[in-house]
Amino acid sequence: MEVNNNEPTINNASAQPAYIEFEGFTKEESQELTKAGVLIGTLEQIKGWARSNSLWPLTFATACCGIEMMGTGAAHYDLDRFGIIFRASPRQADCVIIAGTITKKMAPILKRLYEQMPEPKWVVAMGSCATAGGPYVRSYSVVKGADQVIPVDVYIPGCPPSPPALIYGLNKLQEKIRLEAKGKKVR
Amino acid sequence: MGEIRTEELLMNIGPQHPSTHGVLRVIVKVDGEIIREAEPVVGYLHRGTEKLAEDLQYTQIIPYTDRLDYLASMANNHALVTAVEKAMDLEIPERAEHLRVIVVELQRLVSHLVFLGTYLLDLGAMSPFLYAFANRERVVDLFNRLCGARLTYNYMRVGGVKWDTPDGWLEDARAFVPHMRSELKMLHDLVSGNEIFLNRVKGIGKYDTATALGLGLSGINLRCTGLEWDLRKNKPYSIYDRFDFNVITGKNGDCYDRYICHMDEIVESLKIVEQALEAIPEGPVMGKVPKILRVPAGEYYHAIEGVRGELGVYIVSEGKDKPYRLKFRRPSFINLQVLPQLLVGQSMSNLIAILGAVDIVLGEVDA
Amino acid sequence: MSEETKAPQGTEEAPAPIDPRVEKATAFLETVKGKITARFGEGVIEEALLAKFQPTFVLKKEHYLEVVTFLKDEPSLAFIYPEAMAGTDYMDKGYLEVYAYIHSFVMDADIAVKVRTERENASVPSLASLFPGYNWEEREIFDLLGINFEGHPDMRRIMNTDEWNGHPLRKDYVVQD
């Protein structure tokens with residue numbers, strides 16, 4: 001995950017924009033807000049910190065990775081200490097952890113759920129099936145990776161990834177949210 | 001104020017739902033809260049394992065079997081390797097047999113714990129889920145030390161098992177048995193007398209033996225009606241005939257009986273593990289098998305008592321190292337057929353209780 | 001298929017010891033075959049063989065349903081517990097085959113019943129009316145192999161979407177992406 005540093009250099013025309021892009025505002029408005037200074041930037045960072053520390057994922061467990069997700073949420077490796085509470089309805093969820101194989105029959109449903117989630121939203125592809133089709137990549141009924149259906153932010157490899165791996169992936173997602181709030185585009 | 005117009009509503013309990021069984025969709029026609037008709041729709045996790053298996057050697061298929069019933073991977077491995085070994089008439093070393101029985105019975109225990117946790121989570125109780133998974137962690141930790149994975153073990157091979165136990169594993173397994181017994185007592189104290197729980201599951205989802213036999217149900221779903229049919233005793237395979245354990249049956253065939261059968265089977269599994277741990281000999285863990293496994297031409301069907309029922313493997317072979325056709329007789333797939341007739345006339349909350357008690361795993365329903 | 005062990009050189013030709021499992025299975029096969037032929041005559045069974053100690057009957061398609069009904073209803077046979085059903089595509093031999101495995105508590109034994117059909121317009125009588133447990137198995141075989149089961153109450157695809165083209169488990173299926 002590389003972080004593009006945007007130093008606001010005004011003379012470098014081809015570089016990143018010299019103002020922080022705030023979400024929901026147009027380019028001119030963002031420029032105005034950046035000129036307003038420290039307060040707005042800090043507000044974005046506060047929002048980013050708040051969002052990252054209370055990620056509420058949608059329960060989207062398809063296959064075996066779902067059991068590891070449940071195991072991560074259970075007693076031994078707790079997810080509640082990160083502020084992560086699993087929500088059942090997409091309308092109340094921040095992010096979706098795609099745990100398990102996506103089949104061609106399931107893909108339209110995943111798309112619909114993603115569209116039902118309100119902004120801002122993130123997607124975590126857990127396990128090799130959700131990342132790229134996994135061991136079933138040559139099968140006739142498997143979508144080769146969830147990113148063929150919806151845009152994915154964090155990929156967690158493993159089959160299934162152990163709970164520490166899932167926690168590491170979620171921590172990376174939290175970092176990404178905080179960094180993006182500072183205005184840096186994170187790939 | 002005239003008559004309130006009521007009509008039946010076609011509702012979809014979609015493939016994504018908080019009930020933890022996986023991507024099962026149930027289309028119900030409800031009249032108020034009462035279900036008139038229900039139809040399960042499966043296939044949202046159909047990954048084409050059987051088609052993929054036609055292109056893989058037998059040892060390569062073993063990881064795919066793990067992912068069929070992912071809560072009971074050891075049992076799935078066992079099904080495939082015993083089928084191939086029976087077809088090829090292979091001898092398996094004693095230590096490997098004992099290790100297999102130990103891991104399969106521990107796996108059965110783990111799966112029943114997950115059933116307990118998730119069933120009660122569906123019914124609304126959070127605490128048993130946490131206790132069940134905490135105990136599961138201990139067993140999964142043992143498995144992790146043994147074969148390196150937490151959920152999909154890929155442990156058994158045709159002719160034996162892949163790895164021998166590391167130092168201290170057998171002692172830790174022996175120490176686990178009394179710990180689990182006391183934990184089980186605690187779980188019973190927590191759940192089995194709870195009035196809300198009993199009200200929600202007693203008398204719900206009843207069926208009799210004749211229905212069960214006609215539908216081809218197996219495992220706990222068949223035994224809860226009172227018929228004693230356990231493939232470990234009736235069609236013994238591996239070394240199960242050496243161990244002394246009871247076959248748990250229910251009386252009424254309702255959800256409560258299925259719950260009690262699950263809990264009592266944990267006790268029986270602990271007995272078998274204890275006996276196997278005592279009897280395990282030293283020796284090799286892998287028998288003499290040819291490097292490339294070729295099953296002689298013909299067709300074979302072999303079934304074992306998997307965790308959810310009769311898990312069978314049907315192999316059609318042309319004498320090559322890859323099967324011509326490999327079919328898994330998956331218990332959850334067949335067991336799910338009982339759902340429509342059980343749901344008629346029930347309320348929506350009973351739907352969750354009944355669905356949970358059938359104990360399905362979607363990986364197995366869809367293959 | 002009796003296992004013949006090679007007699008060591010120089011000794012007298014001893015009769016090859018027959019595996020007791022083969023004997024038992026052959027006896028069972030003959031009993032059931034006798035009952036079927038007594039009821040229906042010779043023509044219904046195409047083949048009766050032992051597939052590694054498992055008695056297997058290949059039945060003719062026209063008599064398939066009535067023979068299986070007889071196997072289920074006859075009190076001395078009572079094959080009432082359906083255990084498995086599978087479909088296979090024998091492309092080189094030119095037919096599709098359905099394999100049903102049924103258990104009898106009365107005889108404490110299992111029987112395998114097979115029926116064959118052509119690859120074009122494949123169709124086999126359905127056993128779902130006798131054994132409700134075969135309902136979904138037959139739907140799965142229809143979905144993956146394309147065998148239509150006559151008399152099935154609900155012949156639809158079960159695993160793939162309803163708009164799927166083709167039958168994936170056939171040997172000549174090309175994966176479309």
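Two residues are in contact if their C-beta atoms, placed from the backbone, lie within 7 Å. The exercises below use a predicted model.

**Exercise 1. Describe helix 5 of chain B: its span, its buried residues and what covers them.**

Solution.
- Step 1. Helix 5 of chain B covers residues 127-147, 21 residues in total. From first C-alpha to last, the helix reaches 30 Å, close to the 30 Å expected at 1.5 Å a residue.
- Step 2. List the buried positions. They are Pro128(B), Phe129(B), Tyr131(B), Ala132(B), Phe133(B), Asn135(B), Arg136(B), Val140(B), Phe143(B), Leu146(B) and Cys147(B).
- Step 3. Look for the cover. It includes helix 4 (94-123) and helix 6 (169-191) of chain B, and also helix 3 (64-73) of chain A.
- Step 4. Check the end. Gly148(B), just after helix 5 of chain B, has a positive phi of about 85°.

**Exercise 2. Are helix 4 and helix 14 of chain B roughly parallel or antiparallel?**

Solution.
- Step 1. Take the geometry. Helix 4 of chain B packs against helix 14 (residues 348-358) of chain B at about 175°, and the axes are 9 Å apart.
- Step 2. Apply the cut-off. Angles over 145 degrees count as roughly antiparallel. The two helices of chain B are therefore roughly antiparallel.
- Step 3. Name the contact residues. Helix 4 of chain B supplies Tyr119(B), Asp122(B) and Leu123(B). Helix 14 of chain B supplies Ile352(B), Ala353(B), Gly356(B) and Ala357(B).

**Exercise 3. Work out the strand order of the sheet in chain C, then place helix 2 and helix 3 of chain C.**

Solution.
- Step 1. The sheet is open, with five strands in the order 1-2-5-4-3 and mixed pairing. Strand 1 (45-50) and strand 3 (79-90) of chain C are the edges, each pairing on one side only. On average, neighbouring strands of the sheet are turned by 20° against each other, direction ignored.
- Step 2. Examine one pair. Strand 2 (residues 55-59) and strand 5 (residues 109-118) of chain C run parallel over four bridges. Leu59(C) has Val115(C) of strand 5 as its bridge partner.
- Step 3. Add the helices. Helix 2 (residues 64-73) of chain C lies across strand 2, strand 3 and strand 5, at about 150° to strand 3. Helix 3 (residues 135-145) of chain C packs on the sheet and touches strand 3 and strand 4 (95-104). The direction of helix 3 of chain C makes about 0° with that of strand 3.

**Exercise 4. Which elements of chain A have the lowest and the highest mean pLDDT?**

Solution.
- Step 1. Start with the chain. Chain A has a mean pLDDT of 80, with 78% of its residues at 70 or more.
- Step 2. Compare elements. Helix 1 (residues 27-36) of chain A is lowest at 67, and strand 4 (residues 154-156) of chain A is highest at 92.
- Step 3. Turn to residues 1-16 of chain A. Their pLDDT stays under 50, and the model has 19 contacts for them beyond four places in sequence.

Technical notes:
Residues numbered from 1 in each chain as written. Chains lettered and ligands numbered in written order. Predicted model: local features only at pLDDT ≥ 70, side-chain atom pairs only at ≥ 80, totals over all residues. Pairing = 2+ DSSP bridges. Axes fitted to C-alpha atoms, helices over the stretch in contact; angles between N-to-C directions. Expected span 1.5 Å × (residues − 1). Buried ≥ 20, exposed ≤ 12 C-beta atoms within 10 Å, placed from the backbone. pLDDT = per-residue confidence, 0-100. Parallel < 35°, antiparallel > 145°, perpendicular 65-115°, else oblique.
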